[in-house]
Amino acid sequence: MKALVRGVSPRVAEGQVTHMERQPLEYEKAVEEHGQYVDVLRELVDEVIELPADEQYPDCVFVEDTAVVLDEIAIITRPGAESRRGEVDAVAEALAYWRPIAHIQAPGTIDGGDVLVLDRTIFIGLTSRTNKAGIEQFRELARGYDVHAIPVHGALHLKTAITRVAHDALLVNREWIDCTPFDRWKLIEIDPSEPFAANALLVGESLIYAREFPKTRKKLPGDVRLVPAGELAKVEGGVTCSAILIR
Ligand code: CIR
């Protein structure tokens, strides 16, 4: 397995904020925390591909939103936030080495943070960033996968509300989604005092998880690698957002 990451823009403090108040963010601290995250990824994958930051895109560190890499194809998104659309070019160029490439086209929009791939089933959040046209195009491109749209209320992305933490288990904040479509999975609920705690990054058998959620962490199975993730969280980034995994 490989991971693609991208540097933190010096303008990261100007990143989009939708569901929280804008807060002061320290660039150096964000870079330091991101570095620790990349170090943990290095322990877990065969190779980390690092793209440089592009200063004109404050949110460029959040590569997850720019592409969804399946075994057969890399689907380059059209991010819902206009300020983020240009982020996809450098990522598409890098991924073209590993996969055939397809693009979501206007009027479709998709953020990769809305796309939860569970083996051959894919759930896509209907959110302020991802629309029905984007999901329809994705379904056409993801041949052989079962693609389901899931409305998300009150959270930025589907993966703010639910992520996979083991082959048979999902971590969830039930405030933001209806869990009925996930009833064949073991569901672990976040601690209610930690609403943003449902975002975890499963890399093989290990889980990368934010150290800011100690109560929810106690409920997590297996090998959990804690990383500091508080600074990028101020612009609504979680641990899934900063990597694209390539099998
Ligand atoms: C944004 O609002 O687009 C960024 N500030 C945060 C993106 C976080 N990405 C993700 O959850 N996949």
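Is Glu82 buried or exposed? In this predicted model, Glu82 has a relative accessible area of 67%, and because a value over 50% counts as exposed, the residue is classed as exposed. The rest of this briefing turns to the interior: two enclosed cavities, a nonpolar core of 31 residues, and a largest pocket of about 1,000 Å³.

**Surroundings of Glu82**

- Glu82 belongs to the loop that runs between strand S4 (74-76) and helix H2 (88-95).
- Thr109 stands 27 residues from Glu82 along the chain, and the C-alpha atoms of these two residues are 9.9 Å apart.

**Cavities**

- Rolling a probe the size of a water molecule over the atoms reveals where empty space remains.
- Across the whole structure, the search yields 2 cavities of 30 Å³ or more.
- The largest cavity encloses about 100 Å³.
- Its lining includes Glu33, His34, Tyr37 and Phe62, as well as Pro228, Leu232 and Ser242.
- Helix H1 (residues 27-44) provides the largest share of that lining, namely 3 residues.
- Sorted by class, the residues around the largest cavity are 6 nonpolar, 4 polar and 1 charged.
- The second largest cavity holds about 80 Å³.
- Among the residues that line the second largest cavity are Asp59, Phe62, Asp65, Arg84, Arg129 and Glu236.
- The lining of the second largest cavity comprises 4 nonpolar, 2 polar and 5 charged residues.
- Phe62 appears in the lining of the largest cavity and also in that of the second largest cavity.

**Nonpolar cores**

- The largest nonpolar core consists of 31 residues, and Tyr37, Leu41, Leu171 and Ile208 have the most contacts inside it.
- Several elements each supply at least two residues of this core, including strand S1 (2-6), H1, strand S9 (162-166) and strand S13 (206-210).
- H1 contributes the most to this core, with 5 residues.
- Beyond its neighbours within four places in sequence, Leu41 is in contact with Ala3, Val5, Val48, Leu201, Val203, Ile208, Ala243 and Leu245.
- Another core, of 16 residues, lies apart from the largest one, and its members include Leu116, Ile150, Ala155 and Ala161.
- Tyr37 thus has two roles in this description: it is one of the residues lining the largest cavity and one of those with the most contacts inside the largest core.

**Pockets**

- The largest pocket contains about 1,000 Å³ of space.
- It is lined by 36 residues, and those closest to its centre are Val117, Arg164, Leu202, Leu245 and Arg247.
- Strand S3 (67-69), strand S6 (115-118), S9, S12 and strand S15 (244-246) each give at least two residues to the lining of the largest pocket.
- S9 supplies the most residues to that lining, with 4.
- The lining of the largest pocket is made up of 21 nonpolar, 6 polar and 9 charged residues.
- Leu245 is in contact with Leu41 and is also among the residues closest to the centre of the largest pocket.
- The second largest pocket has about 300 Å³ of volume.
- Of its 21 lining residues, Phe196, Ala233, Glu236, Gly237 and Gly238 lie nearest its centre.
- Helix H4 (158-161) and helix H6 (230-233) each contribute at least two residues to the lining of the second largest pocket.
- The lining of the second largest pocket divides into 9 nonpolar, 8 polar and 4 charged residues.

Methods
Residues numbered from 1 in each chain as written. Predicted model: local features only at pLDDT ≥ 70, side-chain atom pairs only at ≥ 80, totals over all residues. Heavy atoms only, no water. 1 Å grid on protein atoms, 1.4 Å probe; cavity = no way out; pocket = protein on both sides within 12 Å on 5 of 7 lines; lining within 4 Å. Points joined across faces, edges and corners; volume = space filled by probe spheres on them. Nonpolar A, V, L, I, M, F, W, Y, C, P; charged D, E, K, R; others polar. Core = buried A, V, L, I, M, F, W, Y, C linked by side-chain atoms within 4.5 Å. Buried < 20%, exposed > 50% of the residue type's maximum accessible area, 1.4 Å probe, protein only. Contact = heavy atoms within 4.5 Å.
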